Amino acid sequence: MSVLSEFKEFAVKGNVVDLAVGVIIGGAFGKIVDSVVKDLIMPLIGKVVGGLDFSNYFVLLSNPPADFKGPMTYEALTKAGVPLFAYGSFLTVLLNFIILAFIIFMMIKQINRLKRSEPAPAVEAPATPEDIVLLREIRDSLKR
């Protein structure tokens, strides 16, 4: 069997296709959660703690170059190549992760609840082996 045919057999298996769909949906879902955190939650938290933007929470690890004339913001300093300890960006990413993990937990919890509420499929009695059936027929004919 050639490598190409083996790859084709692998790629068209149901699990691989399901995984690909899951990765694509997960990527889109991650962008939605990013937007929720960045555009909805973080501004509210920033308002509560004094109107500060978490993305601008950082510590300079070295001074900017002498010719640097830009604002002392995360974006400007990063473009200038200044090394930063950007704990505000980390807090935003951490919050993204916590929200995403919580949403996935709630989804799995609901799926498990739905699985438990479904009635169990009726279990059919296994078919009697042929030798047992034959022995029963012999027994019944001997009784007669």
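A salt bridge here is a side-chain nitrogen of Lys or Arg within 4 Å of a carboxyl oxygen of Asp or Glu. With that in mind, let us walk through this structure, which is a predicted model.

A search of the whole structure turns up 1 salt bridge. Arg139 and Asp140 form a salt bridge, and their closest N and O atoms are 3.4 Å apart. Arg139 has a relative accessible area of 43%, so it is partly exposed. Asp140 counts as partly exposed too, because its relative accessibility is 30%.

Next, follow helix H4, which covers residues 87–117. Its 31 residues should span 45 Å at 1.5 Å a residue, and the C-alpha atoms at its ends are indeed 45 Å apart, so the two values agree. Some of this helix is hidden: Gly88, Thr92, Asn96 and Ile99 are the buried residues of H4.

Another part of H4 belongs to the surface. A nonpolar patch is formed there by Val59, Leu61, Phe85, Tyr87, Phe90, Leu91, Leu94, Phe97 and Ile98, which together have about 880 Å² of accessible area. Helix H4 gives the most to this patch, with 6 residues. Phe97, for example, lies in H4. Its relative accessibility is 55%, and because exposed means over 50%, Phe97 counts as exposed.

Finally, look past H4 to the loop that lies between it and helix H5 (130–143), where you will find Pro129. This proline has a relative accessible area of 45%, so it is partly exposed. From C-alpha to C-alpha, Pro129 and Val49 are 75 Å apart in space, and they are 80 residues apart in sequence.

Terms used
Residues numbered from 1 in each chain as written. Predicted model: local features only at pLDDT ≥ 70, side-chain atom pairs only at ≥ 80, totals over all residues. Heavy atoms only, no water. Patch = residues over 30% accessible without salt bridge, like charges linked within 9 Å, V, L, I, M, F, W, Y side chains within 5 Å. Areas by Shrake-Rupley, 256 points an atom, 1.4 Å probe, with all protein chains shown as cover. Helix = DSSP H or I, 4+ residues; strand = E, 2+ residues; numbered from the N terminus. Buried < 20%, exposed > 50% of the residue type's maximum accessible area, 1.4 Å probe, protein only. Expected span 1.5 Å × (residues − 1).
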